[in-house]
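This briefing looks at how nonpolar residues are arranged in a predicted model, both inside the fold and on its surface. Please keep the sequence and the structure in view while reading.

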Amino acid sequence: MSMHDEELRLPSQDWRAYQGVLSRRVLAFILDYVIVALLWIPAAVVVFFLGILTLGLGFFLYPILFALVAMLYFGLTVGGREQASPGMRIMGVAIARTDGRPMDFLTAIVHLAIFWIANALLTPLILLIGLFTDRGRLLHDLLIGTVAVRRDMY
């Protein structure tokens, strides 16, 4: 699909589209990581058998397995048609790019990676940034050009 075929969809400028988004994002985060933890269990079983089949080499996947599962989960869901993970959909939130283009798999993974790096450096204090920015944007949103918006207003 070329850039000319993509439908541009700019985030709303209405303040109501961002009302309560920060608290909804926190709850969506908790729901999503419970789902990722549940998905990690069958992935760990698959890696166990892969480790046996590869005479132990597959066991080297264990240290990065949770990150791989989370990247696939968020890449496929946030980078998919709905532009939101299941936790975000439950909480009524979607991620939109400020340039109007849809989120793709790679952008969703970069969004997640920047979140992890910012969280490792700044701990949960990154949530405080959302209290002082327009539209409740967090550090990783500002760096990559995204915004969380209420799905019913997007």
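In this predicted model, the largest nonpolar core holds 23 residues, and Val36, Leu65, Phe74, Val78, Met88, Val93 and Ile95 are the ones that touch the most other members. Two or more residues are given to this core by each of helix 1 (21–53), helix 2 (62–77), helix 3 (86–91), strand 1 (93–97) and helix 4 (105–122), and the largest share, 7 residues, comes from helix 1. Apart from this core lies another one, of 5 residues, with Ala17, Tyr18, Ala96 and Val147 among them.

**Strand 1 and its partner**

- Because 5 of the 5 residues of strand 1 are buried, the strand is largely enclosed by the rest of the structure.
- Val93, Ile95 and Arg97 point one way from strand 1, whereas Ala94 and Ala96 point the other way, and all are buried.
- Strand 1 is joined by 5 bridges to strand 2 (residues 146–150), and the two strands run antiparallel; within this pairing, Ile95 stands opposite Ala148 of strand 2.
- When residues up to four places away in sequence are not counted, Val93 touches Val21, Arg24, Arg25, Ala84, Met88, Ala148, Val149 and Arg151.

**Leu65 in the core**

- Leu65, which has its place in helix 2, has a relative accessible area of 6% and therefore counts as buried, the cut-off being under 20%.
- Leaving aside neighbours within four places in sequence, Leu65 is in contact with Trp40, Ala43, Ala44 and Val47.
- Leu65 and Val47 are 18 residues apart along the chain, and their C-alpha atoms are separated by 8.5 Å.

**The nonpolar surface patch**

- A nonpolar patch of about 840 Å² on the surface is made by Val26, Leu27, Phe29, Ile30, Val34, Leu38, Trp40, Ile41, Phe66 and Leu127.
- Helix 1 gives the most to this nonpolar patch, with 8 residues, and helix 1 also gives the largest share of the largest nonpolar core.
- Trp40, found in helix 1, is one of the patch residues and is also in contact with the core residue Leu65.
- Why is Trp40 classed as partly exposed? Its relative accessible area is 31%, and partly exposed residues lie between the limits of under 20% for buried and over 50% for exposed.

How values were computed: Residues numbered from 1 in each chain as written. Predicted model: local features only at pLDDT ≥ 70, side-chain atom pairs only at ≥ 80, totals over all residues. Heavy atoms only, no water. Core = buried A, V, L, I, M, F, W, Y, C linked by side-chain atoms within 4.5 Å. Buried < 20%, exposed > 50% of the residue type's maximum accessible area, 1.4 Å probe, protein only. Helix = DSSP H or I, 4+ residues; strand = E, 2+ residues; numbered from the N terminus. Contact = heavy atoms within 4.5 Å. Patch = residues over 30% accessible without salt bridge, like charges linked within 9 Å, V, L, I, M, F, W, Y side chains within 5 Å. Areas by Shrake-Rupley, 256 points an atom, 1.4 Å probe, with all protein chains shown as cover. Salt bridge = Lys/Arg side-chain N within 4 Å of Asp/Glu carboxyl O. Pairing = 2+ DSSP bridges.
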